[in-house]
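Colleague: I should like to take a close look at a single part of this model, namely the surroundings of the ligand. Please describe that part for a first-year student, and then place it within the sheets and loops of the chain.

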Amino acid sequence: MTAIRSVVLGCGSYLPQKVLTNAELAARVDTSDEWITQRTGIRQRHIAADGEFTSHLGIAAAKAALADAGIDAQSIDLIVLATSTPDNTFPATAVAVQNGLGINHGAAFDLQAVCSGFVFALATADNFLRSGAFKRALVIGAETFSRILDWNDRGTCVLFGDGAGAVVLEAQEQPGNVASDRGVLTTHLRSDGRHQSKLYVDGGPSSTQTVGHLRMEGREVFKHAVGMITDVIVDAFNATGATADAIDWFIPHQANKRIIDASAHKLHIAPQKVVLTVDRHGNTSAASIPLALCVAVRDGRVKKGDLVLFEAMGGGFTWGSALVRW
Ligand code: UT7
């Protein structure tokens with residue numbers, strides 16, 4: 001029996017011009033290039049310019065994705081934008097992106113699942129496309145985490161960066177064989193609010209009426225990360241019959257190289273299949289997966305027919321996986 005699948009037509013990304021190196025950070029807070037590199041794998045991150053908002057990053061990434069897909073913005077009828085750093089409390093940054101693309105039909109909304117945002121947004125768009133509600137979707141992860149960092153807290157300010165990535169999805173009829181269909185094959189989303197206080201922002205419209213700063217018990221997050229990530233990937237394997245050997249590319253959320261290495265090792269995914277950009281981008285939260293994906297597509301690693309595995313874990317806690325045939 002045939003199946004409607006959300007097939008990826010193209011991807012695009014945008015990084016702000018300004019690069020902030022570990023050495024520059026070491027001049028501001030009590031840290032060192034050696035500590036940051038050894039503990040996280042991060043060497044540099046991009047920082048948005050004054051006046052450069054999350055929507056601007058999202059529009060640039062969306063335009064690049066539309067150009068890569070070779071389609072007109074007017075054919076998009078759904079925009080799901082994952083961010084924890086919206087331009088304003090409301091309206092959604094997604095409507096600023098929609099307007100920036102000259103689209104005024106269909107629906108556009110934000111989705112907030114912190115670092116898991118892209119996987120949650122991909123799953124949301126996939127469900128809308130498979131239901132027949134929409135035909136073509138832009139799924140965007142866009143962040144300006146530099147705006148919510150406490151630049152005096154060495155435990156967090158060295159970890160994050162700004163950027164945006166996007167994919168264009170189209171509802172297409174496929175043969176209905178999970179072993180060969182193109183598109184999103186399965187998604188798995190999880191949350192557990194008992195862990196809210198381990199990674200959060202200490203402000204908000206309803207509580208303090210301030211924007212607040214990111215706070216994290218890094219060691220606590222680290223302790224849970226690998227188990228949660230591998231659990232939800234096993235769910236994807238069980239749902240599809242895929243195995244670690246069948247995965248062509250593992251494109252994880254880029255928070256910490258040690259977490260990525262440990263997850264890949266536990267799942268028996270070969271190191272050469274792991275796409276790593278945390279060294280150049282830092283942790284860009286919801287933007288990290290589409291940013292890494294675009295690097296691997298542009299340099300020719302990800303090719304049509306490849307089986308690509310995404311995973312993410314972040315504040316909430318939230319975590320999720322998605323298996324996509326390119
Ligand atoms: O994307 C959402 C999910 N977020 C994550 O996945 C982040 C998960 N956590 C991590 O990646 C790691 O826990 C960190 C990179 C944040 C920290 O690495 P760690 O190996 O867990 O270090 P730690 O927090 O246990 O700190 C070790 C030491 C401490 O000093 P003492 O108490 O041993 O004297 C810290 O004060 O390192 C110190 N430290 C630093 N030293 C130099 C913490 N931050 C820094 C720093 N530079 N930037």
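Modeller: The account below begins at the ligand and then moves outward to the sheets and some unusual backbone positions. The model is a predicted one.

The ligand has 24 residues around it, and those that come nearest are Thr-31, Arg-39, Arg-219, Asn-256 and Asn-283. Two of these names return when individual atoms are considered. The side chain of Thr-31 places an N or O atom 2.6 Å from a nitrogen atom of the ligand. The side chain of Arg-39 has an N or O atom 2.8 Å from an oxygen atom of the ligand. The backbone takes part as well: an N or O atom of the Gly-218 backbone lies 3.0 Å from a ligand nitrogen atom. As for cover, the ligand taken alone exposes 950 Å², of which the protein buries 76%.

The character of the shell may be described by residue class. Around the ligand there are eleven nonpolar residues, eight polar residues and five charged residues.

The next matter is where in the chain these residues are found. Domain 1 (3–174) and domain 2 (183–325) each give at least three residues to the shell around the ligand. Among the individual elements, at least two shell residues come from each of helix H2 (33–40), helix H6 (154–157), helix H7 (218–240), helix H8 (257–267) and strand S12 (307–314). Helix H7 provides the largest share, with four residues.

Strand S12 leads from the ligand to a sheet. This sheet is open and has four strands in the order S8-S13-S12-S11, with mixed pairing. Strand S8 (183–191) and strand S11 (249–252) stand at its edges; each has a single partner strand, so one side of each is left without a neighbour in the sheet. Ignoring direction, neighbouring strands of this sheet are turned by 10 degrees against each other on average. S11 and S12 run parallel and are joined by four bridges. Within this pairing, Phe-310 in S12 is the bridge partner of Ile-251.

In general, the strands of a sheet pair through backbone hydrogen bonds, in either a parallel or an antiparallel manner. A second sheet offers an example of the antiparallel sense. This open sheet consists of five strands in the order S1-S7-S6-S4-S5, and its pairing is mixed. Its edges are strand S1 (3–14) and strand S5 (107–111), each of which has a single partner strand, so one side of each is left without a neighbour in the sheet. From one strand to the next, the twist averages 20 degrees. S1 pairs with strand S7 (residues 162–174) in the antiparallel sense over eleven bridges. Arg-5 stands opposite Gln-172 in S7.

The remaining points concern the backbone. Most residues other than glycine have a negative phi, and most peptide bonds are trans. Against that background, three places deserve attention here. The peptide bond that joins Phe-90 and Pro-91 is cis, with omega about 5 degrees. Pro-91 belongs to the loop between strand S4 (78–82) and helix H4 (93–100). A cis peptide bond also runs from Gly-316 to Phe-317, where omega is near -10 degrees. Phe-317 lies in the loop between S12 and strand S13 (318–325). Finally, His-268, a residue other than glycine, has a positive phi near 60 degrees. His-268 is placed in the loop between H8 and helix H9 (278–281).

Terms used: Residues numbered from 1 in each chain as written. Predicted model: local features only at pLDDT ≥ 70, side-chain atom pairs only at ≥ 80, totals over all residues. Heavy atoms only, no water. Near = heavy atom within 4 Å. Polar contact = N/O pair within 3.5 Å; in protein donor to acceptor, adjacent residues only side chain to side chain. Areas by Shrake-Rupley, 256 points an atom, 1.4 Å probe, with all protein chains shown as cover. Nonpolar A, V, L, I, M, F, W, Y, C, P; charged D, E, K, R; others polar. Domains from an automatic or database assignment. Pairing = 2+ DSSP bridges. Axes fitted to C-alpha atoms, helices over the stretch in contact; angles between N-to-C directions.
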